[in-house]
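The following exercises concern local geometry and helix packing in a protein model. Please work through each task before reading its solution.

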Amino acid sequence: MEKELLAVLDFGGQYNQLIARRVRDEGVYAEIYRSDIDLEKLRERRPKGIIFTGGPQSVYREESQHIDPRIFDMGIPILGFCYGAQLIAYELGGEVKKAPISEYGRTELSVDRSAGLFREVSERTSVWMSHTDYIARAPEGFSITGSTENCPIAAMEDEKRGIYALQFHPEVQHSVEGRKMIHAFLYDICHFRGDWRMDSFVSDQIEAIREKVGGGKVLLALSGGVDSSVAATLLSKAIGRQLSCVFVDHGLLRKYEGDEVEAVFGSTGKYDLNFIRVNAGPLYLEKLKGVEEPEQKRRIIGERFIRIFEQEAKKIGAVDFLAQGTIYADVVESGLGNGAVIKSHHNVGGLPKNIEFRGIIEPLRDLFKDEVRRVGLELGLPESLVYRQPFPGPGLGVRIIGEVTEEKLRIVRDADFIYREEIKKAGLERKISQYFAALSNMRSVGVMGDFRTYDYAVVLRAVETDDFMSAECSNIPFEILQRIMNRIVNEVKGVNRVLYDLSSKPPGTIELE
Ligand code: XMP
């Protein structure tokens, strides 16, 4: 049976990934494309439905992203959100103007319940608005199906042509019945079967990997993070000992983490693969000596990683394929965006250049993080690993401001361990998107017993976020923060202050470097 696809066309809105995730949550496979994708290429992929995302621009400006109007004649249902909705109005001959009153945040929407998207929705429902322009006049053939106090055309449709437009964002949680609208579009309008499931993903991938690899050898760099661990497990299920995993312990991991990875994947673990651990901590410390500049630190850590990986690969001998734990967010972020480079992120230092191989295997390339986690559970990985928090490739190297030293590593590791232990005890472990201790480069005066101290300040960071692109500081109860502070200053030598980082992202990033 042909694989079903919903195409999300990205107009630069901040929720593009969220839209694709929501669609997949409804059991339909979705992919994101640039809005200027060639229509022939789009047609070749045979999408059964198309969604236009929001975006920051104004459709009536020439430099804004437009769309080839022939897309409306392809006979594929289209749904537009926010900018995407305005674009539909504009391209089809309606009118879009700056709104007399902009709307931001939660807004009451009144709907016509006979409209295609709203049959299961309440007559008045709360939706999330964020716009300065609005549709002033609907194009010919469209009927108005929803409005708010300040937005007379908040929803419109041309049922005959299968074109639907929503001024608000049904994909965000604050749009209380948004899911029902997306569901109606997928099933009542596009007529998807909806057979995108994780269990079939696992068996399909195992088969695909076997077919591609044949009798060849595969090499994977295992970091112990969720993505590479799930990739390793999937590959091991498919090809067993044809797989070798190299785990470079750069000495910048959290407390006990290296041993935990070895316990799962090493020779005593339950997976039958060739696991090689390289303890490179001392070498890294040497290379990082005296280096303070964050990007330079990242570069050194990334390059060294690749060199070590190459050396180990040489020992293994010829390999046919290199495997990577790349996930869909990596693909979207590096392939679609044209934003500025804030940090040299993600896959630590690119691909090794000195290993010859026939091809790359990226079994998780199409999956979002929560889907990767579901696959991990399906494959029987321990929950502690599957729900592990995101941890940057350069590890504690970017959680220690300034030079990385053995003493600083000890401090940040011990402080972070206490922090994690207390958060777990408080039952907040899964409620906070990401939390960790970092070490400021600041030393200040304190007093302990009768003695003056001149010690470091530990920074506690905790954020709430859906996509890690923007984040807010987490509201951890004060008593818990105090308990953590108490334990850190008492148990970790070399610390006399604990600071809680209140910054959101932007302007702060999640990591400190
Ligand atoms: P920032 O600091 O950019 O982090 O707000 C966003 C998310 O990405 C993680 N992060 C990294 N992940 N390699 C990674 O694999 C990296 O170099 C890297 N730097 C940051 C960070 O932990 C957060 O979840």
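The exercises below treat a predicted model, and each is followed by a worked solution.

**Exercise 1. Determine where glutamate 177 lies, whether it is buried or exposed, and which residues it contacts.**

Step 1. Glutamate 177 is found in the loop that runs between β9 (163-166) and α4 (178-189).

Step 2. The relative accessibility of glutamate 177 is 9%. Buried means under 20%, so glutamate 177 counts as buried.

Step 3. With neighbours within four places in sequence set aside, glutamate 177 is in contact with Glu120, Val121, Ser122 and Thr125.

Step 4. With threonine 125 there is a polar contact between the two side chains, at 2.7 Å.

**Exercise 2. Describe how α1 and α4 are arranged, and state which residues make the contact.**

Step 1. Two packed helices are described by the angle between their axes and the distance between the axes.

Step 2. For helix α1 (residues 16-25) and α4, the axes come within 10 Å and cross at roughly 70 degrees.

Step 3. Angles of 65 to 115 degrees count as roughly perpendicular, and α1 and α4 are therefore roughly perpendicular to each other. The crossing of α1 and α4 is right-handed.

Step 4. On the α1 side, Arg22, Val23 and Asp25 make the contact; on the α4 side, Arg179, Ile182 and Leu186 do so.

Step 5. Sorted by class, the contact of α1 with α4 has three nonpolar and three charged residues, and no polar ones.

**Exercise 3. Analyse the packing of α5 against α11, and identify the buried residues of α11 and what covers them.**

Step 1. The axes of α5 and α11 are 10 Å apart, and the two helices pack at an angle of about 75 degrees. α5 and α11 are therefore roughly perpendicular to each other.

Step 2. Met198, Asp199, Phe201 and Val202 of α5 meet Glu371, Arg374, Val375 and Glu378 of α11 in this contact. By class, the residues of the contact of α5 with α11 are four nonpolar, four charged and no polar.

Step 3. The buried residues in helix α11 (residues 369-378) include Glu371, Val372, Arg373, Val375 and Gly376.

Step 4. Among the elements covering the buried residues of α11 are α1, α5 (198-213), α6 (226-239) and α12 (383-386).

Step 5. After α11 comes glycine 380, with a positive phi near 85 degrees.

**Exercise 4. Establish where histidine 191 and tyrosine 256 lie, what their phi values are, and which omega values belong to the peptide bonds at proline 506 and proline 507.**

Step 1. Most residues other than glycine have a negative phi, and most peptide bonds are trans.

Step 2. Histidine 191 is not a glycine, yet its phi is positive, about 60 degrees. Histidine 191 belongs to the loop between α4 and α5, and with 55% relative accessibility it counts as exposed.

Step 3. Tyrosine 256, also not a glycine, has a positive phi of about 65 degrees. Tyrosine 256 is placed in the loop between β11 (243-249) and α7 (257-265). Its relative accessibility is 49%, and tyrosine 256 counts as partly exposed.

Step 4. The peptide bond joining lysine 505 and proline 506 is cis, with omega about -10 degrees.

Step 5. The peptide bond from proline 506 to proline 507 is cis, and its omega is near 10 degrees. Proline 506 lies in the segment after β18 (495-500), and proline 507 lies in the segment after β18.

Technical notes
Residues are numbered from 1 along each chain as its sequence is written. This is a predicted model: local features need pLDDT of at least 70, side-chain atom pairs count only at pLDDT 80 or more; totals for chains, interfaces and linings use all residues. Side-chain values use heavy atoms; hydrogens and water are left out. Helices (H or I, at least four residues) and strands (E, at least two) are DSSP runs, numbered from the N terminus. Buried means under 20% relative accessible area, exposed over 50%, partly exposed in between (1.4 Å probe, protein chains only). A polar contact is a pair of N or O atoms within 3.5 Å; within protein, one must be able to donate a hydrogen and the other to accept it, and residues adjacent in sequence count only if both atoms are side-chain atoms. Contact means heavy atoms within 4.5 Å. Axes are lines fitted to C-alpha atoms, for helices over the stretch in contact, and angles run from 0 to 180 degrees between N-to-C directions. Angles under 35 degrees count as roughly parallel, over 145 as roughly antiparallel, 65 to 115 as roughly perpendicular and the rest as oblique. A crossing is left-handed if the near helix is turned anticlockwise from the far one by less than a right angle, and right-handed if clockwise. Ala, Val, Leu, Ile, Met, Phe, Trp, Tyr, Cys and Pro count as nonpolar, Asp, Glu, Lys and Arg as charged, and the others, Gly among them, as polar.
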